[in-house]
Amino acid sequence: MFGLAFSLFLYVGSNVAYTADSQASLTQQWDQTHVPVAASGDDASPVLAFERPRLGYGQPLAKINVPSIKFVGVVLEGTDSRVLAGGPGHIPGTAYPGEPDNVVISNHNSYSLSWGSVKTGDLIELQTNYGSYKYRVTGFKIVDAHDTSVTGSSHPKPTLTFITCYPLWAGALATQRYVVFADLIQ
């Protein structure tokens with residue numbers, strides 16, 4: 001029994017270490033190659049009225065920052081195991097930050113442990129090549145692993161949905177999803 005627990009600890013620990021190292025490298029690259037876009041007078045980038053060309057799988061989409069939990073990462077396009085092993089991924093086909101629909105970002109729970117401390121009203125900031133966008137957390141939900149209703153589009157306003165496995169501590173054994181909802185601040 002001890003051997004199994006130790007093996008599980010090593011597995012989760014190595015995943016957390018790999019993700020942290022990958023995100024540190026991606027964040028450093030992002031900061032070196034991206035110049036923050038100046039916000040308009042109301043301290044917010046405008047909502048995009050058009051759809052941008054889609055990124056290739058694995059390309060950096062945005063730098064995500066949640067100040068209340070000191071979470072910083074680079075969101076890559078895609079959500080396959082290769083992308084999610086290194087940090088958060090953007091679900092292809094969902095809106096990009098600033099577009100008038102639902103931006104959906106997914107992440108492994110080994111890198112999302114701190115998301116359990118996010119509160120309603122907290123800010124989630126997404127910095128892209130074309131603008132910076134701030135979203136305010138509006139709520140949370142725990143859903144079945146196969147529930148795709150939270151990733152849907154056709155939202156009447158720009159929203160952000162962040163999804164990770166639940167319980168947050170369960171690693172690959174998690175059977176549900178923890179969902180954070182946020183609205184773009186105008």
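Let me begin with one residue, S112, which counts as buried because its relative accessibility is 0%, in what I should say at once is a predicted model. S112 sits in the loop that connects β4 and β5, and its side chain makes a polar contact of 2.8 Å with the side chain of N107. If we leave out residues up to four places away in sequence, S112 touches N107, F162, T164 and L168. The loop between β4 and β5 also holds S110, and S110 counts as buried because its relative accessibility is 16%, under the 20% cut-off. From S110 to C165 the C-alpha to C-alpha distance is 8.8 Å, although these two residues are 55 apart in sequence.

Let me step back now to the chain and its fold. The protein chain has 186 residues, of which 42% are buried, and it contains 2 helices and 8 strands. Read from the N terminus, the order of elements is α-β-β-α-β-β-β-β-β-β. The 8 strands form a closed barrel with mixed pairing, and the order around the barrel is β1-β2-β3-β4-β7-β8-β6-β5. With regard to contacts between residues at least 6 apart in sequence, 64% of them join residues at least 24 apart. The chain exposes about 9600 Å², and 60% of that area comes from carbon and sulfur atoms.

I would like to walk along part of that barrel, strand by strand, starting at β4. Strands β4 and β7 run parallel and are joined by 6 bridges, with V104 standing opposite T161 in β7. Strand β7 is mostly covered, in that 7 of its 8 residues are buried. On to β8, then: β7 and β8 run antiparallel with 8 bridges between them, and here T161 stands opposite F181 in β8, while Y166 has Q176 of β8 as its bridge partner. Strand β8 is in turn joined to β6 by 9 bridges, again in the antiparallel sense, and Y135 stands opposite L184 in β8. Finally, β5, residues 123-128, pairs with β6, residues 131-144, in the antiparallel sense over 6 bridges, and the bridge partner of I124 in β6 is Y135.

What, then, are the residues that touch the most other members of the largest nonpolar core? That core has 26 residues, and the ones in question are I64, I105, W115, I124, Y135 and L160. The elements that give two or more residues to this core are β1, β2, β4, β5, β6, β7 and β8. Another core lies apart from it, with 5 residues, among them V104, V143, I163 and V179. As general background, nonpolar side chains in soluble globular proteins tend to be buried together. To take one member of the largest core in more detail, I105 touches I64, V75, P88, G89, H90, L126, L160, T161, F162 and I163, again without counting residues up to four places away in sequence.

My last topic is the aromatic rings, for which the count comes to 5 pairs. One of these is the pair of W115 and F162, which is stacked, at 3.6 Å centre to centre and with 5° between the planes. Since W115 lies in the loop between β4 and β5 while F162 belongs to strand β7, this pair ties together parts that are 47 residues apart in sequence. Both W115 and F162 are buried. A second example is Y130 with Y133, a pair that is tilted because the planes stand at 50°, with the ring centres 5.9 Å apart; Y133 is itself buried, with a relative accessible area of 2%. Ring pairs also link F71, W115 and F162 into a cluster.

To return to where I started, F162 is among the residues that S112 touches, F162 is also among those that I105 touches, and F162 stacks against W115. If you have the structure open, that is the residue I would suggest looking at while we discuss.

Definitions and conventions: Residues are numbered from 1 along each chain as its sequence is written. This is a predicted model: local features need pLDDT of at least 70, side-chain atom pairs count only at pLDDT 80 or more; totals for chains, interfaces and linings use all residues. Side-chain values use heavy atoms; hydrogens and water are left out. Two strands pair if DSSP finds at least two bridges between them. Helices (H or I, at least four residues) and strands (E, at least two) are DSSP runs, numbered from the N terminus. A nonpolar core is a set of buried Ala, Val, Leu, Ile, Met, Phe, Trp, Tyr and Cys residues joined through side-chain atoms within 4.5 Å. Buried means under 20% relative accessible area, exposed over 50%, partly exposed in between (1.4 Å probe, protein chains only). Contact means heavy atoms within 4.5 Å. Accessible areas come from the Shrake-Rupley method with a 1.4 Å probe; for residues, only the protein chains shown count as cover. A polar contact is a pair of N or O atoms within 3.5 Å; within protein, one must be able to donate a hydrogen and the other to accept it, and residues adjacent in sequence count only if both atoms are side-chain atoms. Rings of Phe, Tyr and Trp (its six-membered ring) pair if their centres lie within 6.5 Å; planes under 30 degrees apart count as stacked, over 60 as edge-to-face and the rest as tilted.
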